[in-house]
Amino acid sequence: MLQGGEEEIKYVINCPIHDQEKVMRICSHPQCDRNPLLCGECLFDDQEHAILHKNHMKTIKDFVESIVSLYNQKK
């Protein structure tokens, strides 16, 4: 249960490559030229991408929170 009246928000994005899969990670590498939305199959199919950009792979929740934080800093 969340405190202070906060609502839990769930982020669900369907994989653009594997129709039945849900995105697990988003690659936020600034020069990435591969598909940034990755489901489990994408991570398995392109392990090199997951290794090369490991430090830039974020969950959807973490990605959205980092964008919100950046937005709030720029206000």
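# Close-up views of the predicted model

**Figure 1. Strand β1 is joined to β3 by two bridges.** Strand β1 comprises residues 25-27, and β1 and β3 run antiparallel in this predicted model. Within this pairing, Ile26 has Lys58 of β3 as its bridge partner. The open sheet contains three strands with antiparallel pairing, arranged in the order β2-β1-β3. Strands β2 (37-38) and β3 (57-58) form the edges, each of them pairing on one side only.

**Figure 2. The surroundings of Cys39 and Cys42 contain no disulfide.** The structure as a whole holds zero disulfides. For Cys39, the nearest cysteine sulfur belongs to Cys15 and is 3.7 Å away. Cys15 also provides the closest cysteine sulfur to Cys42, at 3.6 Å. Why is Cys42 not bonded to Cys15? The separation of 3.6 Å is too far for a bond, because a disulfide requires the two sulfur atoms to be within 2.5 Å. Cys39 is buried, with a relative accessibility of 0%. Cys42 is likewise classed as buried, its relative accessibility being 5%.

**Figure 3. His53 occupies the loop between α2 and β3.** Helix α2 spans residues 47-52. Is His53 buried or exposed? With a relative accessibility of 12%, His53 is classed as buried, because the cut-off for that class is under 20% relative accessible area. When neighbours within four places in sequence are left aside, the contacts of His53 are Cys27, His29 and Cys32. Of these contacts, Cys27 belongs to strand β1, which covers residues 25-27.

**Figure 4. Arg34 and Asp46 meet in a salt bridge through their side chains.** The N to O distance of this pair is 2.9 Å. Arg34 is located in the loop between β1 and β2, and Asp46 in the loop between α1 (40-45) and α2, so the salt bridge ties together parts that are twelve residues apart in sequence. Both side chains belong to partly exposed residues: the relative accessible area is 27% for Arg34 and 26% for Asp46.

**Figure 5. Arg34 also forms a salt bridge with Glu48.** The closest N and O atoms of Arg34 and Glu48 are 3.1 Å apart. Glu48 is part of helix α2, whereas Arg34 lies in the loop between β1 and β2, so this pair ties together parts that are 14 residues apart in sequence. Glu48 is partly exposed, at 47% relative accessibility.

**Figure 6. Lys61 and Glu65 form a salt bridge within helix α3.** Their side chains meet at an N to O distance of 3.8 Å. Helix α3 runs over residues 60-74; Lys61 and Glu65 are four residues apart in this helix, which means that about one helical turn separates them. Glu65 is partly exposed, with 41% relative accessible area, and Lys61 is partly exposed at 45% relative accessibility. Elsewhere, salt bridges with shared partners join Arg34, Asp46 and Glu48 into one network. How many salt bridges does a search of the whole structure find? The search finds three.

Terms used: Residues are numbered from 1 along each chain as its sequence is written. This is a predicted model: local features need pLDDT of at least 70, side-chain atom pairs count only at pLDDT 80 or more; totals for chains, interfaces and linings use all residues. Side-chain values use heavy atoms; hydrogens and water are left out. Two strands pair if DSSP finds at least two bridges between them. Buried means under 20% relative accessible area, exposed over 50%, partly exposed in between (1.4 Å probe, protein chains only). Contact means heavy atoms within 4.5 Å. A salt bridge is a side-chain nitrogen of Lys or Arg within 4 Å of a carboxyl oxygen of Asp or Glu.
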